[in-house]
Amino acid sequence: MAEHSFGKVLVANRGEIAIRVFRACYDLGLHTVAIYSNEDTYSLFRTRADEAYLIGENKSPLGAYLDIPAIIDLAKRRNVDAIHPGYGFLSENADFARACEEAGIAFIGPSSKILGQMGDKLTAKAIAHACNVPTIPGSTQPLKDGDEALEKAISYGFPIILKAAGGGGGRGMRRCDSPEEVKPAFELVKSEAKKAFGNEDIFIEKYLVEPKHIEVQILGDQYGNVVHLGERDCSLQRRYQKVVEFAPAWSVPEKTRQALYEDAVKVAKHVGYVSAGTVEFLVDKDGNHYFIEMNPRIQVEHTVTEMVTGIDLVRAQILIAEGKPLSTPEIGMASQSDLKMNGYAIQCRVTTEDPANNFAPDTGKITSYRSGGGFGVRLDGGNAYTGAVISPYYDSLLVKVTSWDSTFEAVCRKALRAISEEHVRGVKTNIPFVTNILNHPTFRAGKCHTKFIDETPELFE
Ligand code: ADP
């Protein structure tokens with residue numbers, strides 16, 4: 001595959017991740033194009049691109065960013081060489097990647113074939129199984145109906161979890177602790193899957209009690225080279241959604257970490273993975289690990305990996321899409337032994353949600369904003385400034401505060417200092433809640449599992 005440098009990159013996304021990608025483009029000397037919906041007319045991100053175009057005028061606020069024909073048409077008219085999909089929206093949509101491929105525009109991510117495979121959790125598990133990577137005991141085919149779900153649940157033993165094969169973002173999952181719960185849960189997950197994912201396949205898995213969620217960052221180039229960039233601990237979740245993430249996952253035994261790296265690389269190599277991707281695992285109390293899925297895109301929490309490895313993952317994605325090998329100096333990963341991990345990083349997702357009101361999203365004008373900063377503190381925001389209007393149409397992420405320091409204790413103190421400097425007036429934020437997490441002795445001791453937040457009421461005070 002020949003190298004082909006891009007001139008112009010369009011970002012098919014909004015908010016902080018659009019700005020994040022524009023920054024990587026500028027650092028490479030590339031011209032940038034934003035798209036924005038009616039509702040985003042006054043959003044900051046669109047002013048951060050060299051060109052910006054309104055899209056999906058007759059579409060819903062979300063629909064505008066999902067309008068494949070309109071985005072491809074615009075990209076062609078504006079002579080765009082490549083499209084970065086960010087996360088969410090079209091980032092894992094195989095039809096979109098295919099439409100780019102057919103239009104002769106580079107999709108900055110893996111091929112449509114890999115997106116198709118990894119977009120289905122059952123297919124992804126089958127791939128892991130084929131590589132001898134452990135998966136959680138469960139059905140290998142979609143369940144026919146609630147009766148089959150119940151029969152399987154009884155054979156595995158409770159608790160179990162029902163999952164939509166096409167699910168994502170913590171949606172399309174239900175835990176069941178007893179036989180009575182299974183059939184109603186099956187119907188619920190099915191209707192959610194039909195509405196939200198356009199894929200009605202449901203499968204069952206044994207529910208692991210109190211695991212950690214550990215994920216491995218992968219980079220693959222177009223020449224079959226694959227490396228890992230270490231792991232992240234994403235066990236701090238509220239209702240299956242990540243809140244605070246850190247790297248490295250220092251409290252996981254070294255032997256398990258090495259096994260995670262090996263298995264993540266195995267899965268990525270098996271599918272011929274190209275671009276940045278994440279292989280997600282659950283790790284039980286005894287250090288056993290199980291593959292759960294692979295996310296074929298840049299993730300919200302990629303910042304912590306960047307802080308401890310010094311590698312700009314979005315820039316790497318762009319260079320890889322241009323056909324550059326992993327050994328290219330700006331990536332610097334000619335082989336796995338080139339990985340240098342340094343220190344500890346924590347990302348806190350500051351959202352405009354009110355912890356005192358069951359995390360209801362708050363909206364309105366930010367009347368006053370002052371940001372945190374200092375050595376080892378990085379902010380990635382989309383709308384964090386005085387005068388910004390927080391609309392109800394999109395997710396409530398205000399700013400990602402990522403801190404780096406040489407020890408875990410030091411980075412905890414720094415993260416606390418950085419979020420205490422985040423001064424936001426006019427809309428409620430989850431800062432008090434995140435502060436409680438960072439101060440909690442269980443967090444400091446590295447002992448949090450995925451149910452820690454839901455089972456710790458004092459975090460909500
Ligand atoms: P999504 O694609 O929506 O992010 P994942 O499959 O990555 O869903 O799972 C998200 C979270 O759900 C995990 O981090 C974990 O907390 C929980 N989870 C998923 N499967 C299981 C399981 N079998 N047992 C226990 N928890 C699970």
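The shell of residues around the ligand is a mix: 9 are nonpolar, 7 are polar and 3 are charged. The model here is a predicted one. Out of the 19 residues around the ligand, those that come nearest are Gly-168, Glu-205, Leu-208, His-213 and Thr-450. As for secondary structure, E12 and E13 are the elements that supply two or more residues to this shell.

Those two strands also sit next to each other in a sheet. Strand E12, covering residues 275-283, runs antiparallel to E13, and 6 bridges join the pair. One of the pairings puts Phe-281 opposite a partner in E13, namely Phe-291.

Stepping back, the sheet is an open one built from 8 strands, and its pairing is antiparallel. Reading across, the order goes E13-E12-E9-E10-E11-E14-E21-E19. Strand E13 (289-295) and strand E19 (377-381) are the edges, each pairing on one side only. On average, and with direction ignored, neighbouring strands in this sheet are turned by 25° against each other. A helix joins the picture too: H10, made of residues 313-321, lies across E12 and strand E9 (212-220), and runs at about 125° to E12.

Then there is the pairing of E6 and E7. Strand E6 (residues 160-164) pairs with E7 in the antiparallel sense, over 4 bridges. Here Ile-161 has Arg-175 of E7 as its bridge partner. The side chains along strand E7 (residues 173-176) alternate. Arg-174 and Cys-176 point to one face and are buried, whereas Met-173 and Arg-175 point to the other and are not.

Terms used:
Residues numbered from 1 in each chain as written. Predicted model: local features only at pLDDT ≥ 70, side-chain atom pairs only at ≥ 80, totals over all residues. Pairing = 2+ DSSP bridges. Axes fitted to C-alpha atoms, helices over the stretch in contact; angles between N-to-C directions. Contact = placed C-beta atoms within 7 Å. Near = placed C-beta within 6 Å. Nonpolar A, V, L, I, M, F, W, Y, C, P; charged D, E, K, R; others polar. Buried ≥ 20, exposed ≤ 12 C-beta atoms within 10 Å, placed from the backbone.
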